[in-house]
Amino acid sequence: MNQYAKKANATGNIYLEDVNSMKAKYDELIQLYGKVLHRFNKIGDAIE
């Protein structure tokens, strides 16, 4: 995200390609966090 911000500040523009790339990476992170939370819940259930 920082690299996109640097690029936007340097050029004064935000490009649709960059926005789409950030959205795709954000979606990947959300899926990964969901998997991690699911695993933590399974661990918590096993402990109880």
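Me: How many helices and how many strands does the protein have?
Reply: Start with the secondary structure. This is a predicted model, and the protein in it has two helices and zero strands. Helix α1 covers residues 2-11 and helix α2 covers residues 16-47.

Me: What happens just after α1?
Reply: Look at the backbone angles there. G12 takes a positive phi of about 80 degrees.

Me: How does the reach of α2 compare with the expected value?
Reply: Take the span from the first C-alpha to the last and set it against the rise per residue. For the 32 residues of α2 the span is 47 Å, close to the 46 Å expected at 1.5 Å a residue. A second distance can be read from A24, which is in helix α2, to E48: their C-alpha atoms are 37 Å apart, with the two positions 24 residues apart along the chain.

Me: What box do the C-alpha atoms of the protein fill?
Reply: The box is taken along the principal axes, and its sides are roughly 55 × 15 × 10 Å.

Me: What share of the residues is buried?
Reply: Burial is judged by relative accessible area, with under 20% counting as buried. Of the 48 residues in the protein, 2% are buried. In α2 the count of buried residues is one among 32, so that helix is hardly covered under the 20% cut-off. In α1 the number buried is zero out of 10 residues, so α1 lies largely in the open.

Me: Is D18 buried or exposed?
Reply: D18 has a relative accessible area of 11%. The cut-off for buried is under 20%, and D18 is therefore buried. A24, by contrast, is partly exposed at 38%.

Me: How many salt bridges does the structure hold, and where are they?
Reply: Look for a charged side-chain pair, then ask which elements the partners belong to. The structure holds two salt bridges. One joins the side chains of D18 and K7, at 3.3 Å from N to O. This pair links distant parts of the chain, since D18 is in helix α2 and K7 is in helix α1, 11 residues apart. K7 is partly exposed, with a relative accessibility of 36%.

Me: Which residues form the other salt bridge?
Reply: D27 and K23 form a salt bridge, and their closest N and O atoms are 3.0 Å apart. Both residues lie in helix α2, four residues apart, which is about one turn of the helix. D27 is partly exposed, at 34% relative accessible area.

Me: How far apart are the mean positions of the positive and negative charges?
Reply: Average the places of each kind of charge and compare the two points. Here there are 7 positive and 6 negative charges, and their mean positions are 5 Å apart.

Me: What supplies the exposed surface of the protein?
Reply: Sort the accessible area by atom type. The protein exposes about 4600 Å², and 59% of this comes from carbon and sulfur atoms.

Me: Which residues make the nonpolar surface patch?
Reply: The patch measures about 1100 Å² and is made by Y26, L29, I30, L32, Y33, V36, L37, F40, I43 and I47. L29, one of these residues, has its place in helix α2. At 42% relative accessibility, L29 is partly exposed.

Conventions. Residues are numbered from 1 along each chain as its sequence is written. This is a predicted model: local features need pLDDT of at least 70, side-chain atom pairs count only at pLDDT 80 or more; totals for chains, interfaces and linings use all residues. Side-chain values use heavy atoms; hydrogens and water are left out. A salt bridge is a side-chain nitrogen of Lys or Arg within 4 Å of a carboxyl oxygen of Asp or Glu. Buried means under 20% relative accessible area, exposed over 50%, partly exposed in between (1.4 Å probe, protein chains only). Accessible areas come from the Shrake-Rupley method with a 1.4 Å probe; for residues, only the protein chains shown count as cover. Lys and Arg count as positive and Asp and Glu as negative; His and the chain ends are not counted. The place of a charge is taken as NZ of Lys, CZ of Arg, CG of Asp or CD of Glu. The expected span of a helix is 1.5 Å times one less than its number of residues. Patches are made of residues with over 30% relative accessible area and no salt bridge: like charges are joined within 9 Å, nonpolar side chains (Val, Leu, Ile, Met, Phe, Trp, Tyr) within 5 Å.
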